[in-house]
Amino acid sequence: EGQTNISIIVQVAAKMMKQNSRRFFSQVAPHLEIPGIPKLQPLSQKPKPTTEMTTLANGLRVVTEETYRANTSLGLFVDAGSRYETDANNGISHLLEHMAYKTTEKRSHQRVVRDVEDMGGNVGAAAAREYMVFTSDVLRTNLDKATELCAETVLAPKFPAWDVEEQRKVIRYELDEMEKNAQAMVTEMVFQAAYSDSAPLGRPLYMPKRNLEKIGSQELFQFCDQHFKANRMILAAAGVEHAEMVELAKKYFGDAPAGGAAPQVPESKYIGGEQRLKADSPLTHVSICFDVGGWKSDDLLPVCVLHMLLGGGSSFSPGGPGKGMYSRLYTNLLNQHHWVESATAFNSIHNDVGVLGVYGTCAPRDAGKLVDVMASELIDIAGKAPNDEETMRAKNQLKSSIVMNLDQTQILMEDIGRQVLVYGKREDPASLCARIDQVTPQQVQKVAASMLGTPLTLAAFGDLSAVPMYDTVSK
């Protein structure tokens, strides 16, 4: 009976297809306009997307790039972060990150959540050492609502005591979890050792427990009043028409206080040094790095190529093209020494200073050998220029990383905002890739040799019994 029913259904469907085949296969000509449907236009016929910038009367810069997609990524970048903190309010940027998109002068926290859900959007905030950013990802039809909400959370927060107390609980949990996160701990220790814990860049990015109960609504308002000025803000967007974004910026940010010059921040000089933290960990985590200059250094691109050339990863890799299996740290460390759990090159670049080095993990008994082989790779590349093939591979990896990541609207928006924040303009990817092509093996060797001429920064976490002394490593 079941087979009979199926046969009947198939016969009926075939009859309907035959009756409607003429209508089914006839399509509307693409050049005809249909009422209520926007006229389609191939991307090849649209203007090539470029980065456009407009400065409002109060100094706020609006920077956009069209993507011709249905979604928009919006970000308000503020020239503020942990570098602008003092010992007394250290961690306030971390708390501000958590207070984003909470209660404002016009909306309760509950309404903010409801309005974001109604838009089908995604909002967030992040605090770094040299900037803060408040982001929204929405359909472009909801851009007006998203811009209004962003302006409220930045320019008209309420910071009620109950919201602050709730976020203290969240931060307290984060800090407890961070103490178990070896990589996060080593990263913070690198900054403390490289710049000293009393320098702006050496202070913790996260809220120290000593300040958790001291910083409240009053301190938050004071920090915002001092730093959240229009001339220190950049409204960046990817996936929007520039003229529309400028009008929305005028509407919602036009009354933002202009502000004067940014406060003078004490210079953070690279000094090098060491930080060690004994902890109960199955692996020993070690990082060695050196000074390579900041974002505005003439050697920035050779440093980035060196970073890609060193590469690295963990002892387990799914393999396949583009996984960096031919990088120095893979071929010379991970493939040669079975006891190395991971070895990865890293950099941390800021406006005026930056570091590049290697982070590795191994069993505690092998920590001394790990430091030796990591240091040997840096010494080797500083003593002999990489060959042309190796350099070309690193340059291609760097270029593909830039171009493929920029295909995401969120990353495109971040790239726009951060470049304008640092340089006052944005360099297009084609120009940047052309400059990367000009990097030579000799330039890569030169920056490697130059950085080894600066004081060593060493950070170690876990069982430290086999980690060599600082003076021994620095020699």
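Biologist: By class, what residues does the lining of the largest cavity have?

Modeller: In this predicted model, the lining of the largest cavity has four nonpolar residues, three polar residues and three charged residues.

Biologist: And what volume does the largest cavity have?

Modeller: The volume of the largest cavity comes to about 50 Å³, and 10 residues line it, with Leu309, Tyr326, Ser327, Arg393 and Gln397 lying nearest its centre.

Biologist: Which helices each supply at least two residues of that lining?

Modeller: Helix H9, residues 300-310, and helix H12, residues 388-405, each supply at least two. The largest share comes from H12, which gives four residues to the lining.

Biologist: How many cavities of 30 Å³ or more does the count come to?

Modeller: The count comes to two cavities of 30 Å³ or more, and the second largest has a volume of about 40 Å³.

Biologist: Which residues line the second largest cavity?

Modeller: The lining is made of Leu96, Met99, Ala100, Phe134, Thr153, Val154, Pro157, Phe159, Cys224 and Phe228. By class, nine of the lining residues are nonpolar and one is polar, with no charged residue. Helix H2 (92-99) and helix H4 (143-155) each contribute at least two residues to this lining.

Biologist: Let me step back: how many helices and strands does the protein have?

Modeller: The protein has 16 helices and 12 strands, and its C-alpha trace spans about 85 × 60 × 55 Å along the principal axes. Of its 475 residues, 48% count as buried. Among the contacts with a separation of 6 or more, 80% are made by residues that are 24 or more positions apart.

Biologist: What order do the strands have in the open sheet of six?

Modeller: The order is E1-E2-E6-E3-E5-E4, and the pairing in this open sheet is mixed. Strand E1 (52-55) and strand E4 (122-127) stand at the edges with a single partner strand each, so one side of each has no neighbour in the sheet. On average, neighbouring strands of this sheet are turned by 15° against each other, with direction ignored.

Biologist: Over how many bridges do E2 and E6 pair, and in which sense?

Modeller: Strand E2, residues 61-65, and strand E6, residues 233-238, pair in the parallel sense over five bridges. Within this pair, Glu65 stands opposite Ala238 in E6.

Biologist: Which strands does helix H13 lie across?

Modeller: Helix H13, residues 409-423, lies across E1, E2, strand E3 (71-78), strand E5 (132-139) and E6, and it runs at about 150° to E6.

Biologist: Now the pockets: what volume does the second largest pocket have?

Modeller: The second largest pocket has a volume of about 520 Å³. It is lined by 20 residues, and the closest to its centre are Pro49, Glu65, Glu66, Leu412 and Pro429. The elements that give two or more residues to this lining are H13 and helix H14 (429-437). Glu65 thus appears again here, since the residue named among those closest to the pocket centre also stands opposite Ala238 in E6.

Biologist: By class, what residues does the lining of the second largest pocket have?

Modeller: By class, that lining has eight nonpolar, five polar and seven charged residues.

Biologist: Switching to the backbone, what is the phi of Tyr68 near?

Modeller: The phi of Tyr68 is near 60°, a positive value in a residue other than glycine. Tyr68 has its place in the loop between E2 and E3, and because its relative accessibility is 30%, Tyr68 counts as partly exposed. Ser196 likewise has a positive phi, near 80°, and is a residue other than glycine. The loop that holds Ser196 is between helix H6 (182-195) and helix H7 (217-227).

Biologist: One last topic: how many residues lie between E10 and E11 in their hairpin?

Modeller: There are four residues between E10 and E11 in the hairpin they form. E10 and strand E11, residues 354-362, pair in the antiparallel sense over nine bridges, with Asn347 standing opposite Leu356 in E11.

Biologist: And how many bridges join strand E9 to strand E10?

Modeller: Three bridges join strand E9, residues 312-314, to strand E10, residues 340-349, and the two run antiparallel. In this pair Gly312 stands opposite Thr344 in E10.

Technical notes: Residues are numbered from 1 along each chain as its sequence is written. This is a predicted model: local features need pLDDT of at least 70, side-chain atom pairs count only at pLDDT 80 or more; totals for chains, interfaces and linings use all residues. Side-chain values use heavy atoms; hydrogens and water are left out. Two strands pair if DSSP finds at least two bridges between them. Axes are lines fitted to C-alpha atoms, for helices over the stretch in contact, and angles run from 0 to 180 degrees between N-to-C directions. Contact means heavy atoms within 4.5 Å. Buried means under 20% relative accessible area, exposed over 50%, partly exposed in between (1.4 Å probe, protein chains only). On a 1 Å grid over the protein atoms alone, a cavity is a set of points where a 1.4 Å probe fits but cannot get out, and a pocket is an open set with protein on both sides within 12 Å along at least five of seven lines; lining residues have an atom within 4 Å of a point. Grid points are joined across faces, edges and corners, and a volume is the space filled by probe spheres set on the points. Ala, Val, Leu, Ile, Met, Phe, Trp, Tyr, Cys and Pro count as nonpolar, Asp, Glu, Lys and Arg as charged, and the others, Gly among them, as polar.
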